[in-house]
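Reader: Please take a close look at the salt bridges, with some care over where each partner sits along the chain and how far it is covered. After that, I would like to follow the account outward to the ligand and to the loops.

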Amino acid sequence: MTKICVIGLGYIGLPTSALFANEGYDVVGVDINEHVVEQVNQGSIHIEEPGLDDMVAQAVKSGRLSASTKPVAADYFIIAVPTPVHDDHSANTDFVVKATESIAPVLQKGNTVIVESTIPPRTISDIVAPALKSAGFDAATNDVYLAHCPERVIPGNIVHELKYNHRIVGGFTPEAMEKAAAIYKQSVEGDVRETEAVVAEMSKLMENTFRDVNIALANELSKVADHLNIDASDVIDMANMHPRVNILQPGPGVGGHCIPVDPYFIIEKAKDTTPLMQTARDINDSMPSYVLDKMKAMIGDVQNPTVALLGLTYKGNTSDMRESPALQLIERMQADAPNMTFKCHDPFVAAETDAFPHDLYSLDDALNGADLAVVLADHQSFKDLTGDTFTSQMQSPVVFDTRNIYKQLDGVTVHSLTNLVDTHKQGVQ
Ligand SMILES: NC(=O)c1ccc[n+]([C@@H]2O[C@H](COP(=O)([O-])OP(=O)(O)OC[C@H]3O[C@@H](n4cnc5c(N)ncnc54)[C@H](O)[C@@H]3O)[C@@H](O)[C@H]2O)c1
């Protein structure tokens, strides 16, 4: 039976391990975190993802998935470890290098090594292949078959997308491309497109850069509409009536671990030829400050205002706070508006953590006595709120809706990021 060893059991590696195990492969998942390994061996999971618990339980029960802290001999190695950015936005490929080095003692000629982590262009040729060469395997002559197969799943729908999304498989050599593509062709329902490694690397990065640039365009439109004193939502609705136009919604910033990170992987390799990508990053990064400016204007001359921040995660209906605009807004508030007291509420964030070292309140407690409520995430439970929730707790209820989720709330003054016209009429700014 073909054996697969998956390095890294996070949002990508764990579902991937379970998918291949449930397709009949013999899979060992490896993680440096012992707690993760213990949990997987008990058939349970350490991350929140709908349907993943059943998938992993089934794979472990069948005996085809187990976990370990050390790599084991296998036919295929799949590397799914983090690739964050350093403070200067350059890619940190250290995890990928360490993972590659960790498989060296068990690697054998004829094995296939696939990197699923998102990586800068030429990482396979300039970093992973040399790391394998140092361990005695020349991927250029197919001692081992080396390939990149990027992931494009969305948290919240990983179980479905893992099976049904199209996949890009980039080989370091043509033979590696075929070897790597073979296991995806057997296990996924989407098309498997074969190419060279650097094209696969770039295609993944361009997907998220495309999204970043388009979000920046929407964000810039919201600023222009504010300047012209018109409603950006109307502009977007009408422009989108064009059959080939799809302007996205503005928002308080771009979060998550992919869209605000991946463009930098391209930018660092092509600084002089990426002004559009760099500007898009700057525009999206400017949004928390822009939101704070608007908050200050809405609060007016209240001396020591209290603000309720509703929604801390980077998007709706998830508990994921990585790179969340709410965190960036709080940083800006602490630096530029120290007189503002803020009270945070998020139904998906249960407790204060290292990543979020601020007090958390119930919705009512956050709103109680607040001068302004700022909605930062489009959770369904926020969309379902009525004016009563705000009027029962706030003396003069004002809501700043940065996600454009409220048409109106009875008894509440609602300012939308896409429509600040009323703030001009009221002389707020
Ligand atoms: N999460 C997503 O939705 C998503 C989507 C597309 C692409 N990606 C990319 O996939 C890669 C993995 O992301 P993730 O979200 O699964 O990360 P994650 O942080 O959820 O999980 C990574 C795991 O790897 C483990 N690890 C780190 N170094 C290791 C090593 N040397 N050996 C064994 N285990 C090690 C960590 O302990 C952790 O459990 C990243 O490059 C990311 O950009 C993620």
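Author: A salt bridge is taken here to be a side-chain nitrogen of Lys or Arg within 4 Å of a carboxyl oxygen of Asp or Glu. With that cut-off, a search of the whole structure, which is a predicted model, finds twelve salt bridges. Side chains of opposite charge can pair when their charged atoms come close.

Among the twelve, one may begin with the pair made by Asp-212 and Arg-281, whose closest N and O atoms are 2.8 Å apart. Asp-212 belongs to helix H8 and Arg-281 to helix H11, which spans residues 275-299, so this salt bridge ties together parts of the chain that are 69 residues apart in sequence. Asp-212 has a relative accessible area of 0% and is therefore buried, and Arg-281, at 1% relative accessibility, counts as buried too.

The salt bridge between Asp-143 and Lys-109 has an N to O distance of 3.7 Å. This pair also links distant parts of the chain, 34 residues apart, since Asp-143 lies in the loop between H5 and strand S6 (145-148), while Lys-109 lies in the loop between helix H4 (94-103) and S5. The two partners are covered to unlike extents: Asp-143 counts as buried because its relative accessibility is 16%, which is under 20%, whereas Lys-109 is exposed because its relative accessible area of 61% is over 50%.

Another arrangement is found in helix H12, where Arg-332 forms a salt bridge with Asp-336 and the closest N and O atoms are 3.3 Å apart. These residues are four positions apart in the helix, which means that about one helical turn separates them. Arg-332 is partly exposed, with a relative accessible area of 28%, and Asp-336 counts as partly exposed at 39%. Beyond such pairs, Glu-23, Lys-163 and Glu-189 are linked in a network of salt bridges.

Turning from the salt bridges to the ligand, one finds 22 residues around it, of which Tyr-11, Ile-12, Asp-31, Thr-83 and Thr-118 come nearest. The shell is made up of 13 nonpolar, six polar and three charged residues. An N or O atom in the side chain of Asp-31 is 2.6 Å from an oxygen atom of the ligand, and the side chain of Thr-83 likewise has an N or O atom 2.6 Å from a ligand oxygen. Ile-32 takes part through its backbone, an N or O atom of which lies 3.4 Å from a nitrogen atom of the ligand. On its own the ligand has 830 Å² of accessible area, and the protein covers 89% of this.

Helix H8, which holds Asp-212, also leads to a nonpolar stretch of the surface. Val-224, Leu-228 and Ile-230 make a nonpolar surface patch of about 240 Å². Ile-230 has its place in the loop between helix H8 (197-228) and helix H9 (232-239), and with 36% relative accessibility this residue counts as partly exposed.

A residue from much later in the chain comes into this account as well. Asn-419, in the loop between strand S13 (413-416) and helix H16 (421-425), has its C-alpha atom 7.1 Å from that of Asp-226, although the two are 193 residues apart along the chain. The side chain of Asn-419 also makes a polar contact of 3.1 Å with the side chain of Asp-231. With a relative accessible area of 25%, Asn-419 is partly exposed.

Two further loop residues deserve a look for their backbone geometry. Most residues other than glycine have a negative phi. Arg-122, however, has a positive phi near 75°, and Asn-317, which is not a glycine either, has a positive phi of about 60°. Arg-122 is located in the loop between strand S5 (112-115) and helix H5 (123-134), and its relative accessibility of 46% makes it partly exposed. Asn-317 lies in the loop that runs between strand S9 (306-310) and helix H12 (325-336), the helix that carries the pair Arg-332 and Asp-336. At 43% relative accessibility, Asn-317 also counts as partly exposed.

Notes:
Residues are numbered from 1 along each chain as its sequence is written. This is a predicted model: local features need pLDDT of at least 70, side-chain atom pairs count only at pLDDT 80 or more; totals for chains, interfaces and linings use all residues. Side-chain values use heavy atoms; hydrogens and water are left out. Patches are made of residues with over 30% relative accessible area and no salt bridge: like charges are joined within 9 Å, nonpolar side chains (Val, Leu, Ile, Met, Phe, Trp, Tyr) within 5 Å. Accessible areas come from the Shrake-Rupley method with a 1.4 Å probe; for residues, only the protein chains shown count as cover. Helices (H or I, at least four residues) and strands (E, at least two) are DSSP runs, numbered from the N terminus. Buried means under 20% relative accessible area, exposed over 50%, partly exposed in between (1.4 Å probe, protein chains only). A residue is near a molecule or strand if one of its heavy atoms lies within 4 Å of it. A polar contact is a pair of N or O atoms within 3.5 Å; within protein, one must be able to donate a hydrogen and the other to accept it, and residues adjacent in sequence count only if both atoms are side-chain atoms. Ala, Val, Leu, Ile, Met, Phe, Trp, Tyr, Cys and Pro count as nonpolar, Asp, Glu, Lys and Arg as charged, and the others, Gly among them, as polar.
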